[in-house]
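Visitor: Please take a close look at a single part of this model with me, and explain how the packing there is built up.

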Amino acid sequence: MRCSRAFIPTLKEVPADAQVASHIYMVRGGFIRRLAAGVYSLLPLGWRVIRKIEQIVREEMDATGAQELHMPSVLPAELWRETGRWDEYGPLLLRIEDRKGAAFCFGPTHEEVVVDIARREIRSYRDLPLNLYQIQGKFRDELRPRAGLLRSREFIMKDAYSFHASAEDASSEYARMYAAYQRIFRRCGLEFRVVEADPGAIGGNESHEFQVLAESGEDALVACQRCAYAANVEQAEVGAPAEPGVRGDGDLEKVKTPGTKTIEAVAGFLNVAQERLIKTMIYMADGAPVAVLVRGDRAVNEVAVKKVTGASELELAQQEQVESATGAPYGFAGPVGLAIPIYADAELEGATGAVAGANEADAHYTGVSLGRDASVRRYATLRLAESGDPCPRCEDGTFELMRGIEVGHVFNLGTKYSKPMAAAISDEAGQEHVMEMGCYGIGITRVASAAIEQNHDDDGIAWPMPIAPYEVTLLPLQMGDESVREAAESLYRELTDAGVEVLFDDRDERPGAKFKDADLIGVPLRVALGKRSVKAGEIEIKWRWEREATTAPLAGAGEAVAALVRAERRRYVERAAEVSRP
RNA sequence: CGGGGUGUAGCGCAGUCUGGUAGCGCACCUGCUUUGGGAGCAGGGUGUCGGAGGUUCAAAUCCUCUCACCCCGACCA
């Protein structure tokens, strides 16, 4: 592509509404433009990147035997009512009406549609297994879209849905998808970590997230420094503490603590460490209040609370609910004499000499011994994992905290959708039963953003070659100089003929402008030639992520550069090939 | 949904407090010079001041309503 004819509107200044690198550089580099909050146009450069990612995904999916299809984006409400998600999905669903007033939504995901297809067409176990996938735009009316394509409302996603006659078969498909995802992200040149995720109350049994490691990631992860265990903090188990976290002396005693509504204030007022306090949080579990106890310096893990209480809806109690449950104003809840069910973090088992709220205004207890003074229904790991916590899977491994961007998610669904939608097959014995399902998503547009978060510097993007908009950018530094122009033109022809994707900056711009734009756009291999180099019979070659350029003879430059490109392509394919296809 | 903030030229912003001819930088157009890291000089303004209503002789500026966008929060009793 010739820059003189290309639509690549680059910007010198940082757009006012962008804060993260991927958003800034996608806008500045002319990859995307915003149309509304969380809604973007993909300009030619951005679209090329998306298509590259799609193609990698497509090849790896097809290699597993999955088949691509396309589904509607406007979906009828009745389908969503069958699974109950018309109501459950809440404000995330963009609802629309047709001219007759019939209700539709813009598809945020397509389980309902694909199950509808499957239940109509599939009758026998002989038709299974089947894996259907789509790569298309979806819309979720996010609470807060942000950071460009990292969390947008309209986005492009690959979603695969598999159908099986048995749970065992679903499990082996899960393993195939897991491997395919590793290959896909390796081919995209991403550094990622697979983490255990929350299979949730869905009744699913397995779920993993593929997280691209980046400072700007929205998800907090913990990873064991010794073994392979990694998990979303919300999902992370924590190894058993060596000894009770709170140990102290003293008898139960009520003390006045006027106005101390926070852990910090109580600790300061009584002059004790925060870890000597018992934090009492009141939650509404399916509408009924429960108390959750953690050490004063810890945070509650709501996913864990949900699991231990078996609640399907869990939210922090409102101020009034706290008052009616504890009989005390907001800020003085404690386990002693509390009438509602109490769940405590494992770390508090055997706690003595602790400080806790007294369930009355301006008072706390000191010398609390949980076993003696309160009736705890159950001890379990209820706190959020932190850096340095013991690993639950291995001996003396500890957690390291990192941030990630979720780019893929694999899910063993069980019969969550097939059951309410009555998607059944007959088995060998002629018995009807509901199909087992799995679903497997990849955020295509998010992959592009994540790649930039991981591969950029102060000047712009440094795309991994497999997903770069072009493989080589060719910069003739003086278009006015005939020898330079002719050398560049013939090199452009040679490379293009060799199957290399070249962005040829044939604009009549000054060298500085060309270098700046090239760095911004982030094409991995830069080939520059100017009066000086042509006279010396040389070209200048520089990888985007390297500091220094090298030179190569102008004679035979086309073949030399093409060879570099082929080698670079091969690197990623080889890395992917290390993961075998089960 | 709660809190904070911003809407003025294609982009980034000043002007608003204290009402009085709409500005700056970049970009863009013309010309000349320039050409290895976003060139210099000269000339050119391309604008429903987010929208509607109101106050006033006069509104970007004051008042009311409204729309859009951004940031933080929506778990630490």
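Guide: An axis here is a line fitted to C-alpha atoms, for helices over the stretch in contact, and an angle runs from 0 to 180 degrees between N-to-C directions. Helices (H or I, at least four residues) and strands (E, at least two) are DSSP runs numbered from the N terminus. The model is predicted, with local features needing pLDDT of at least 70, side-chain atom pairs counting only at pLDDT 80 or more, and totals for chains, interfaces and linings using all residues. Residues are numbered from 1 along each chain as its sequence is written, chains are lettered from A and ligands numbered from 1 in the order in which they are written, and side-chain values use heavy atoms, leaving out hydrogens and water.

Chain A has 15 helices and 31 strands, and 54% of its 582 residues are buried (under 20% relative accessible area with a 1.4 Å probe, protein chains only). The part to look at is helix α11, residues 444-454, which packs with helix α2, residues 44-63, at an angle of about 115°, the two axes lying 9 Å apart. The helices α2 and α11 are therefore roughly perpendicular (65 to 115 degrees) to each other.

Where they meet (contact means heavy atoms within 4.5 Å), α2 brings Val49, Ile50, Ile53, Glu54 and Val57, while α11 brings Ile444, Thr445, Val447 and Ala448. By class, this contact of α2 with α11 has seven nonpolar residues, one polar and one charged, where Ala, Val, Leu, Ile, Met, Phe, Trp, Tyr, Cys and Pro count as nonpolar, Asp, Glu, Lys and Arg as charged, and the others, Gly among them, as polar. Helix α11 is mostly covered, with 11 of its 11 residues buried, and these include Arg446 and Glu453.

Ile53 of α2 also belongs, with Phe31, Phe185 and Trp463, to the residues that have the most contacts inside the largest nonpolar core, which has 59 residues; such a core is a set of buried Ala, Val, Leu, Ile, Met, Phe, Trp, Tyr and Cys residues joined through side-chain atoms within 4.5 Å. Helix α2 gives the most to this core, with seven residues. Leaving aside residues up to four places away in sequence, Phe185 touches Val447 of the α11 stretch, and its other partners include Leu190, Phe192, Phe210, Val407 and Ile442. Apart from this core lies another, of 28 residues, among them Val113, Tyr417, Met421 and Met435.

Technical notes:
Angles under 35 degrees count as roughly parallel, over 145 as roughly antiparallel, 65 to 115 as roughly perpendicular and the rest as oblique. Buried means under 20% relative accessible area, exposed over 50%, partly exposed in between (1.4 Å probe, protein chains only).
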